[in-house]
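Please read the points below with the model open. They follow the cores, two neighbouring helices, a few single residues and some backbone details.

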Amino acid sequence: MELKWLEDYLALVDAGNFTTAANLRHLSQPAFSRRIQALESWLGVALVDRSKKPFRFTAAAKAHEATLRSLVNAMYQARNQIKFSLRDQFSLSVAAQHSLLVTPFLPRFLENLSASLQNLNYSVLSENMDTCVAMFLKGEVDMLVIYETEGNHDVILPHLSVRKPLGSDEMVLVATPGVIQKVQKSKGNKTLPLLTYPLSSFFGSVVWADVLPRVLRHENASIACESAFAVGLREMALASTGAAWVPRSIVLDDIKRGKLRVLDDMSPPIPMQVVAHLSRISDGPAIKQLRQIL
């Protein structure tokens, strides 16, 4: 059996007729037909019912189409993995807060690392702040990418990591123009629903440290929902459920388009930094080279 026979057959499935499929495979139609017949002979079953015009695929062919596609994909994947294993491959494991996967900070940083260290293969684990830090301290991951504020910039001790700031962000309170207008028109008769985080979460500790108590004291507002996921709170804010505290980087496009407005007069932005910590303990080849680069 030859791999090209399977590829010919899948081309026939996709094209729906022999002429188009033969052209796609750069073969004459007779040569293409012979290769389909060779595959059928090797399998020991008919894939094409040629007794009718136009032809039809047999029940066996329909039942096992997905299997044949998976087989072709698996063969190419195995080939690529074997070829790649012969090169100098570097593996890097990263733990990152959930929210950072939808910001430009982490993808841009990983792209820069890949440019600095060829053949870098990395895996990213997305967890909450405490879990990410715990994995890093236990040596389960090579790198930690998290938010830090002025009050928690010493989460990782200097002798354990090489610290690399990736950029600045800030926690902002946002709501749709519709929600803001309803509250303003009510002249204090309507309470502003607040969408925030549990105190036990990292973002919860950031918001509860100062701005949330101040808003509850001085504004006609009340907590309507708590969730540990900033992306979920963004979606709820966009659905006009209430005003949510979220990192500005997550809602930057929403703000530019006018879908959300920042209520900085009610809740001043809270500065945050995105920071990468590269382990000083791990002695893998990727880590050694990246420590020198950083």
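1. A residue is called exposed when its relative accessible area is over 50%, and buried when that area is under 20%. His 26 has 73% relative accessibility, so His 26 counts as exposed. The model is a predicted one, and the points below should be read with that in mind.

2. His 26 also deserves a look for its backbone. Its place is in the loop between α2 (18-24) and α3 (29-43). His 26 is not a glycine, yet its phi is positive, at about 60 degrees. Most residues other than glycine have a negative phi.

3. Now the interior. The largest nonpolar core holds 65 residues. Those with the most contacts inside it are Leu 92, Met 143, Val 145, Tyr 197 and Trp 245. Strand β6 (residues 161-175) is the biggest contributor to this core, giving six residues. Another core lies apart from it, with 20 residues, among them Tyr 9, Ala 22, Phe 32 and Leu 39.

4. What does Val 145 touch, leaving aside residues up to four places away in sequence? Its contacts include Val 94, Ala 95, Ala 96 and Gln 97. Leu 100, Leu 106 and Leu 166 are also among them. So are Val 274, Val 275 and Ala 276.

5. Asp 142 sits in the loop between α7 (129-137) and β5 (143-148). Is this residue buried or exposed? Its relative accessible area is 14%, under the 20% limit, so Asp 142 is buried. Not counting residues up to four places away in sequence, Asp 142 touches Ser 91, Leu 92 and Ser 93, as well as Phe 136. Its contacts also include His 277, Leu 278, Ser 279, Ser 282 and Ile 287. Leu 92 thus appears here as a contact of Asp 142 and also among the residues with the most contacts inside the largest core.

6. Helix α11 (residues 230-238) has these buried residues: Ala 230, Leu 233, Arg 234 and Ala 237. They lie on the same side of α11, because they cover an arc of only 105 degrees around the axis. The buried residues of α11 pack against two helices, α9 (202-208) and α12 (248-256). They also pack against strands β6, β7 (192-196) and β9 (243-247).

7. Helix α12 has Ser 249, Ile 250, Val 251 and Asp 254 as its buried residues. They pack against α6, β5, β6, α11 and β9. After α12 comes Gly 258, with a positive phi near 80 degrees.

8. How do α11 and α12 cross? Their axes come within 10 Å, at an angle of roughly 20 degrees. Angles under 35 degrees count as roughly parallel, so α11 and α12 are roughly parallel to each other. The crossing is right-handed. Ala 230, Arg 234 and Leu 238 make the contact from α11, and Ile 250, Val 251 and Asp 254 make it from α12.

9. Ser 240 follows just after α11, in the loop between α11 and β9. Its phi is positive, about 65 degrees, although Ser 240 is not a glycine. With a relative accessible area of 40%, Ser 240 is partly exposed.

10. Val 179 is placed in helix α8 (residues 177-185). Its relative accessibility is 8%, so Val 179 counts as buried. Val 179 touches Leu 192 and Ser 240, not counting residues up to four places away in sequence. Val 179 and Arg 69 are 110 residues apart along the chain, and their C-alpha atoms are separated by 50 Å.

11. Gln 118 is in the loop between α6 (105-116) and β4 (120-127). Gln 118 has 61% relative accessibility and so counts as exposed. The C-alpha atoms of Gln 118 and Leu 10 are separated by 35 Å, with their positions 108 residues apart along the chain.

12. A last backbone detail. Lys 53 and Pro 54 are joined by a cis peptide bond, with omega about -5 degrees. Pro 54 lies in the loop between β1 (48-49) and β2 (56-57). Most peptide bonds are trans.

Note on methods: Residues are numbered from 1 along each chain as its sequence is written. This is a predicted model: local features need pLDDT of at least 70, side-chain atom pairs count only at pLDDT 80 or more; totals for chains, interfaces and linings use all residues. Side-chain values use heavy atoms; hydrogens and water are left out. A nonpolar core is a set of buried Ala, Val, Leu, Ile, Met, Phe, Trp, Tyr and Cys residues joined through side-chain atoms within 4.5 Å. Buried means under 20% relative accessible area, exposed over 50%, partly exposed in between (1.4 Å probe, protein chains only). Helices (H or I, at least four residues) and strands (E, at least two) are DSSP runs, numbered from the N terminus. Contact means heavy atoms within 4.5 Å. The arc is that of the directions from the helix axis to the C-beta atoms. Axes are lines fitted to C-alpha atoms, for helices over the stretch in contact, and angles run from 0 to 180 degrees between N-to-C directions. Angles under 35 degrees count as roughly parallel, over 145 as roughly antiparallel, 65 to 115 as roughly perpendicular and the rest as oblique. A crossing is left-handed if the near helix is turned anticlockwise from the far one by less than a right angle, and right-handed if clockwise.
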